[in-house]
Amino acid sequence: MDPVSRGQPVPGDRRHPHDIIGRDREQSALQAGIDAALKGQGALLILSGEAGMGKTTLVNWGTDYARHRGALVLEGYSYPAAAPRPYGPWLQMVQRYSSTAAISDELRQLQAGTSIDIEDKTALQGTFDRFIDDASAVQPLLLVFEDLQWADESTAELLHFVSRRLANRPVVLLSTLRDDEITSDHPVYPWLTTISRELHGERVTLSPLDDQSILEIARRFAGLSANDERRLLGYLRDRSGGNPFFAIELLRMLNERRILYPVDDRWQLGTLPEDDVPSLVHQIITGRLAPLDAKTRALLEATSVAGIEADLDSLLALFPGTSDELDRALNTAIEHRLLSLDPERFVVTFGHELVRSAVYNTVPPLRRRRMHRQLGETMAGQTNPQPDIVAEHLFRAGDELAIDWLAADAELAHNLYAPQAVRDRCERALYLAKRLGVRAPWRVHRLLGLAHETLGNHRAARESLESATRIAAAEGDQRGVWQSLIDLGALWAALDYDHSMAYVEQALACARDIDDPSVIAETLNRLGNCYINGERFGEGIEAHQEALSIFESIDDSDGIAATLDLLGVAHVLASDTATGVEYYRKAIPLLRRLDHRRTLVTALVTAAAAQFGAEHALYATSMQHRAPTDRAVRYAQLDDALTIAREIGWLAGESFTLAIRANVATNYGEFDIALRDSQKGIEIARDIGHLQWQILGLCSLGSLLRELMDIDQARACFEEAQRLATHTGSQFMTGLATAFLASSCIEAGDLNAASALIEPELLRASEHPTTTRLNLTYAMVELSHTRGDDETALELLDQLDNWIPGPENHRAPQMLRVRAQVLTATRQFIDAESLLQTARNTAERYGYLPALRSCLLALHQVYLHQGKTLMAEQTREHAMTVTGRLANSLKPQFPDLAEQYLTKTAEAMPESVPFARNNPAANASDTLTRRELDVLSLVAEGLSDVEVSERLFISHRTVSQHLRSIYGKLDVNNRTAAVRTASERNLLTPDQ
């Protein structure tokens, strides 16, 4: 067996054997992972532990082993910078690889620190993934990521992305991190939680060495007497805590101080120091620096200022001596194992960050500032300077030029979809500006505002964008003013459309002054969107059409795509679904080709809502533009949108998608999906302060709870939605929430509250058949019917029929059911039965199980009224079967809710007793069930539906169902007439 297979250092390894003492398990795991990758299986390994536990030592052993076995090793490091460069370690690997092989133009531009034409994060991640494919096609690949505790969010996300694609690739991904610095909000944390569960990787935690291993380190360093060995072991154990780096450095310090020293063929141990571990580590490093000559110390100082990695040209600019003196100083530092040199790249690095930090802190502050300024100015003058490095040095120098470099770096981070990096850079720029007493440019405030918006902090976003507007105006920058106003309009659209409209109107005036067609068209689209949400559909569509004409005249594909999307949503909200769907058929392929991810998310979701049944009305209106679909088809667009929103980190898009998917799931009776998605969507919207999607999510959840016959909870959802809607200024959102709330009040028997909600909104609503008008009219139908005013209910239904295009057989099942229930109350049983049979067939064809269940419940009542006992019983059994199927979707996660649903459905269907239709006065008491007599007796006492339900311990819905049955049996239209007729027939005597 060769030395490699036994887990020993490979031939040519010059490191001291004690460097890997006590790490047999870790070496075996590392060797197994590399061997697997060499066989094309791919591997993911994480070496974690506190600083100094030997992670880098193991990595060095692993890289030697991998090279010995024919693998290509690419290394990247994260640094403890206040604003780490996005994808920094990845770009270091690209740089190392590009010295011997070709790379893509995009990666070359990224490595040079210049902007690239990649639309979003997913495309950028694909570029890096192709780089890995190209490199591993030549030879097996070992990717080493050192010190991930300092990684930025973009590096961590790309690491997660690549980790999922390791299977069947000759690639091993090896990372080190200090796990005691990883908290739940750290960018790397989500990746770490999925390593073993999803990514099939292995996380190896380096524990403190045991006494035997610490003793072995001491023995390899020096041979002592048994007594001195025990003293030294106790000292090393107590001071190092089992940390091998601390132990080794303690030994070296003791040797340099002549506390541990050789005498002839033996070693002597003097009096041991009493300092604790943190003080001792600092003392070790400063003690190691003391014997060095002035030039070597100067080199170490220059290297610490340059960073953990410094090129020789930068060091020569800072070094106070000749190039020959630099060479001698570098050799001395390497000999003392303080620095190492990469001979291919001519880059100098410290052996450990703790050493670099200690040296950096010994440099006098004024000298540090001068050195940082010199480095920053030198790098700024280079070809294709890297903004992050230049900004870092100038910032540490306190130089005003750092503000512009930080802004440039923030712009790059914004283009790379790294909002936290944008925020960090902008905040540093503002801090420096304040300290220097100067004004930061408007774009710094704008970028900070956009970052805050993406991260969900709307108040901070608003303040930053308002500052950007004021500063741009003070600087006389009209485009800056326009851009900031547009951004404010977009921000306020999530909160208050009145404010949004005011900013957009100001932006339009500014755009006309600028006289740029694309600027004017973009502003018209923003204005049109405000009109649409205020249900001024004619003005909104006109603004979008004008914008589309401008974009087409200048052949602006981006503008055309965005405008087609806006026209699609405008027509959908205006209840012109057919036209809206046609616009989306044009918009979605164009958005995909242009790779506009955010707009694509909203387009996919809104088109799916129109095509597959995410209703914005109380009941679906028309099935004319829908086709029966299987589950995969109806969720494909929504799942696609959800994936995109999550990939680009767009929380608002994720919340919107979840709310719509929940509504679609409710329509198809997949209640578990609906409940989970609606709750998650609401949670996200609340976290980021997005009022619109909170409202939409609450309406989706409330609609589900209505289907589950939990009226109290549904009403609570609609009440919160209606309260929030009043703050948005959106007529659509207000009308939607109000209509749903009124409907739930009607089902709860609170008719006065429903009337107070509906009537004022109807007076304010447009006379045109807008979505809000449809919602409110439906609610008014329910209110009129419940009051016994079925003549008005039928008139309103006729009005709705005139508004909705297409023949009656294209009406949605829920709409047909509502009309049938009104016809049943007016004893038009044949027509009611015909409508319900049509509705039942439509619901079965499209797979709308909740609608099918509702139609069967209504049909059961019609059969009872007609005295068709057998058919009523068969319908009841069918309804309970469908209810069972619906309840089954809840049982695994929500068993109590499923059982409650089954019970309430059974309650809603009274016993099937013969009904004496031809002689209602004969044997009248036999025409009413015992429960119906109980309900009518309490109504005669003046109790409301709510009070009746409380007295009899049944639901509000059940009381309403009993009353409707009573009206039909007694041939009356309202409560008063029912009590009067029952009294005349002696049905309410005490013995009854």
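## A tour from a buried cysteine to two loops

Select C745, which is buried at a relative accessible area of 2%; buried means under 20% relative accessible area, exposed means over 50%, and partly exposed lies in between (1.4 Å probe, protein chains only). The model is predicted, so to speak of a local feature requires pLDDT of at least 70 and to count a side-chain atom pair requires pLDDT 80 or more, whereas totals for chains, interfaces and linings use all residues. Residues are numbered from 1 along each chain as its sequence is written, and side-chain values use heavy atoms, with hydrogens and water left out.

**Cysteines.** Move next to C855, which is buried too, with a relative accessibility of 1%. A disulfide is taken to be a pair of cysteine sulfur atoms within 2.5 Å, and by this rule the count is zero.

**The sheet.** Helices (H or I, at least four residues) and strands (E, at least two) are DSSP runs, numbered from the N terminus. Two strands pair if DSSP finds at least two bridges between them. Contact means heavy atoms within 4.5 Å. Axes are lines fitted to C-alpha atoms, for helices over the stretch in contact, and angles run from 0 to 180 degrees between N-to-C directions.

Now display the five strands of an open sheet, whose pairing is parallel and whose order is β2-β3-β4-β1-β5. At its edges are β2 (72-77) and β5 (202-205), each pairing on one side only. From one strand to the next, the twist averages 15 degrees. Select residues 141-146, strand β3, which pairs with β2 in the parallel sense over six bridges. In this pair, L72 stands opposite L141 of β3.

Add helix α3 (residues 88-98), which packs on the sheet and touches β2 and β3; its direction makes about 140 degrees with that of β2. Then add helix α5 (residues 121-138), which also packs on the sheet, touching β2, β3 and β4 (171-177), and whose direction makes about 130 degrees with that of β3.

**A helix pair.** Angles under 35 degrees count as roughly parallel, over 145 as roughly antiparallel, 65 to 115 as roughly perpendicular and the rest as oblique. Select helix α44 (residues 930-940) together with helix α47 (residues 975-984): their axes are 10 Å apart, and they pack at an angle of about 110 degrees. The angle makes α44 roughly perpendicular to α47. To see the contact, show L936, V939 and A940 of α44 with R975, A978, V979 and A982 of α47. By class, this contact has six nonpolar residues, one charged and no polar (nonpolar: Ala, Val, Leu, Ile, Met, Phe, Trp, Tyr, Cys and Pro; charged: Asp, Glu, Lys and Arg; polar: the others, Gly among them).

**Two helix residues.** Q694 lies in helix α32 (residues 691-707) and is buried, at 8% relative accessibility. Leaving aside residues up to four places away in sequence, Q694 touches I682, A685, R686, G689 and L724.

Next, select T643 in helix α29 (residues 631-647); T643 is partly exposed, at 41%. Between T643 and V601 the C-alpha to C-alpha distance is 9.1 Å, although they are 42 residues apart in sequence.

**Two loops.** Most residues other than glycine have a negative phi. N384, which is not a glycine, has a positive phi of about 50 degrees. Find N384 in the loop between α16 (365-380) and α17 (387-396), where N384 is partly exposed at 44% relative accessibility.

Finish at D555, also not a glycine, with a positive phi of about 55 degrees. D555 sits in the loop between α25 (537-553) and α26 (557-573) and is exposed, at 62% relative accessibility.
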